[in-house]
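Please open the model in a viewer and keep the selection tool at hand. The stops below proceed from charged pairs to the nonpolar interior and then to a few local features.

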Amino acid sequence: MADIKKFAEELVNLSVKDVQELAKILKDEYGIEPAAAAVAVAGPVAAAAVEAEQTQFDVILISAGQAKLQIVKVVKEITGLGLKEAKDLVDTAPKAVVKEKVSKAEAEQVKSQIEEAGGEVEIK
C-alpha cells in the first residue's frame, strides 16, 4: 500500500511537460490514447498543472532604439556572446530572443538593463 501512495504522490507532483511525456509513452508503448491517459492517470493533476503559474520566461528585444551600439554592448554582456554575434542578435529585432527560459526575476533584471540602455524589451 505504501508503494501506491508513493506513486500517487509522484503523479501529483508531475509538471505539464512530464504529463505530456507520460501521455506519449502510454500511447506509443501501451496503445492508450493521450486524452484517456491524461484523465485516467493524471486526472485533476493535469488540469491543475495547465493552470499553474508560468515559471520560465523569454526576454525578447523588440527594438534597439537610437542607442543600438549600447544595446549591442548590453546584449553581449548579458548573453556572453562575442561582439559580432551580439550585433547579429540585435539586428534580428523585433524577434531577437536575448534570454530563454529564465526566472521572472532574471527576466526583469535583463529587461531593466536593456531599457536603461535605451532598448525596448518584452517578456513572454
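Select Glu106 to begin: at 31% relative accessibility, this residue counts as partly exposed, a class lying between buried (under 20% relative accessible area) and exposed (over 50%), with a 1.4 Å probe and protein chains only. The model is a predicted one, in which local features need pLDDT of at least 70 and side-chain atom pairs count only at pLDDT 80 or more, whereas totals for chains, interfaces and linings use all residues. Residues are numbered from 1 along each chain as its sequence is written, and side-chain values use heavy atoms, with hydrogens and water left out.

Add Lys99 to the selection. Glu106 and Lys99 form a salt bridge, with their closest N and O atoms 3.4 Å apart; the term requires a side-chain nitrogen of Lys or Arg within 4 Å of a carboxyl oxygen of Asp or Glu. Lys99 is likewise partly exposed, at 21% relative accessibility. Elsewhere, shared partners join the salt bridges of Lys68, Lys87 and Asp91 into one network.

Centre next on Asp91, which is partly exposed at 35%. Its side chain meets that of Lys68 in a salt bridge of 2.5 Å, N to O. Asp91 belongs to helix H6 and Lys68 to helix H5, so this pair ties together parts 23 residues apart in sequence. Helices (H or I, at least four residues) and strands (E, at least two) are DSSP runs numbered from the N terminus. Asp91 also forms a salt bridge with Lys87, at 2.8 Å between the closest N and O atoms. Those two residues both lie in H6, four residues apart, or about one turn of the helix. In total, the structure holds eight salt bridges.

Now turn to the largest nonpolar core, a set of buried Ala, Val, Leu, Ile, Met, Phe, Trp, Tyr and Cys residues joined through side-chain atoms within 4.5 Å. Of its 20 residues, those touching the most other members are Val59, Leu61, Ile71, Val75, Val90, Val98 and Ile114. Two or more residues come from each of S1 (57-63), H5 (68-79), H6 (83-91), S2 and H7 (104-116), and H5 gives the most, with five.

Select Ile114 and display its contacts (heavy atoms within 4.5 Å). Leaving aside residues up to four places away in sequence, Ile114 touches Leu61, Ile71, Val74, Ile78, Val98, Gly119 and Val121.

Finish at Lys101 in strand S2 (residues 96-102). Its phi is near 50 degrees, a positive value in a residue other than glycine, and at 61% relative accessibility Lys101 counts as exposed.
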